[in-house]
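Hi everyone, thanks for making time for this one. I'd like to walk you through a chain I've been looking at, so let me put it up on the screen.

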Amino acid sequence: MARPRGAQARADVVRATLADLYPDVQCALQHRNAFELLGATILSAQCTDERVNMVTPVLFERYPTASDLAAADPDELETIIKSTGFYRAKAKSLLGMAAALEASFGGEVPTDLDDLVTLPGVGRKTGNVVRSVAFGLPGLPVDTHVGRLSRRLKLTNETDPVKAELELNAMVPPDDRGRFSLRLIEHGRRVCDARKPRCADCELEMICPSAGSVVAKPKSKAVTTSKRARTTPPATPPEPAKAPRR
Ligand code: SF4
């Protein structure tokens, strides 16, 4: 295959290739509605999806609606979500998010990104997850995998997730943004590892400007010695914190 010239041409090939590789990609966070996906995504910061999926059935059995969650006892809530890490901050975000849904949106999850990002614990990444997965609306969440692969594939040079999202949005049709993000995440987990990408096994090797040139970085001391890092491998970075409204 001739190397596509330019980011847009590369993005088109990446989209087509990943669609062939991962045609039925799904969000890994289990949920039954937008409210549960919103809560699960807040819990997924610095935690594996598998761990979140162990916690959310208990959480939403106890607090099935925004009203229930807004009235939760903070100590009991912290106990339920403790194993996801950063449980005090996450409990505050969940309580604040539920209270804001009750106060401003009739207990329902809004669909507009401008509304979603007003909720405590919710930034553009989480808002775009909810929009694209729960509502089927355009939304391209940029997590650590999406950012890393987009830069390695030279679709963007931006390290700021919001700037990267806006650059990617210009290259990806609105109705494919959510799936494109999920496919980049899947490829990042399976092939394009953060430390040791498996370029020789990668279907994108022929068109990837970084193929064979990513130098494996040694793990930082903080990662190798931190108990939290060992027990909760980083899946996505936490959203920028906002003060809960309660
Ligand atoms: S060729 Fe290597 S660096 Fe490029 S996307 Fe594939 S695994 Fe990642």
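Let me start in helix α9, where H145, V146, G147, L149 and S150 are buried. Keep in mind throughout that this is a predicted model. What do those buried residues of α9 pack against? They pack against α10 and α11, the latter spanning residues 177-190. Just after α9 comes K154, and its phi is positive, near 55°.

Let's follow that contact into α10, residues 161-169. Here the buried residues are P161, A164, E165 and L168. They sit on the same side of α10, because they cover an arc of only 100° around the axis. As for what covers them, the list includes α8, residues 124-134, and α9, residues 144-152. So you can look at the α9 and α10 pairing from either partner: the buried residues of α9 pack against α10, and α9 is among the elements covering the buried residues of α10.

Now let me zoom out for a moment. The chain has 13 helices and zero strands, and buried residues make up 39% of its 246 residues. If you take contacts between residues at least 6 apart in sequence, 63% of them join residues at least 24 apart.

Next, the helix I'd ask you to look at is α2, residues 34-43. How many of the ten residues of α2 are buried? Nine of them are, so α2 is largely enclosed by the rest of the structure. Those nine run through F35, E36, L37, L38, G39, A40, T41, I42 and L43. The cover over them includes α3, α4, α5, α6 and α8.

That takes us to the nonpolar cores. The largest has 33 residues, and those with the most contacts inside it are L37, L38, L94, L95, M97, A98 and V130. You'll recognise L37 and L38 from the buried list of α2. At least two residues of this core come from each of α2, α3 (49-62), α4 (66-70), α5 (74-81), α6 (87-105) and α8. Which helix supplies the largest share of this core? That is α6, with eight residues. There is also a second, separate core of 20 residues, which includes V14, V142, V172 and L204.

Two charged side chains are worth a stop on the way. R51 belongs to helix α3. Is R51 buried or exposed? R51 counts as partly exposed, because it has 18 C-beta neighbours inside 10 Å, and the cut-off for buried is 20 or more. From R51 to I81 is 30 residues in sequence, yet their C-alpha atoms are 9.9 Å apart in space.

The other one is K82, in the loop between α5 and α6. K82 has 14 C-beta neighbours inside 10 Å, so K82 counts as partly exposed too. Its C-alpha lies 9.0 Å from that of V55, with their positions 27 residues apart along the chain.

Last stop, the ligand. Which of the 15 residues around the ligand come nearest? They are C192, P197, C199, C202 and C208. Taken by class, the shell has eleven nonpolar, one polar and three charged residues.

That's my tour. If we have a minute left, I'd be glad to go back to α2 and its cover of α3, α4, α5, α6 and α8, or to the ligand shell and its 15 residues. Thanks, everyone!

Conventions
Residues are numbered from 1 along each chain as its sequence is written. This is a predicted model: local features need pLDDT of at least 70, side-chain atom pairs count only at pLDDT 80 or more; totals for chains, interfaces and linings use all residues. A residue is buried if 20 or more other C-beta atoms lie within 10 Å of its own, exposed if 12 or fewer, and partly exposed in between; C-beta atoms are placed from the backbone. Helices (H or I, at least four residues) and strands (E, at least two) are DSSP runs, numbered from the N terminus. The arc is that of the directions from the helix axis to the C-beta atoms. Two residues are in contact if their C-beta atoms, placed from the backbone, lie within 7 Å. A residue is near a molecule or strand if its C-beta atom, placed from the backbone, lies within 6 Å of it. Ala, Val, Leu, Ile, Met, Phe, Trp, Tyr, Cys and Pro count as nonpolar, Asp, Glu, Lys and Arg as charged, and the others, Gly among them, as polar. A nonpolar core is a set of buried Ala, Val, Leu, Ile, Met, Phe, Trp, Tyr and Cys residues joined through C-beta atoms within 7 Å.
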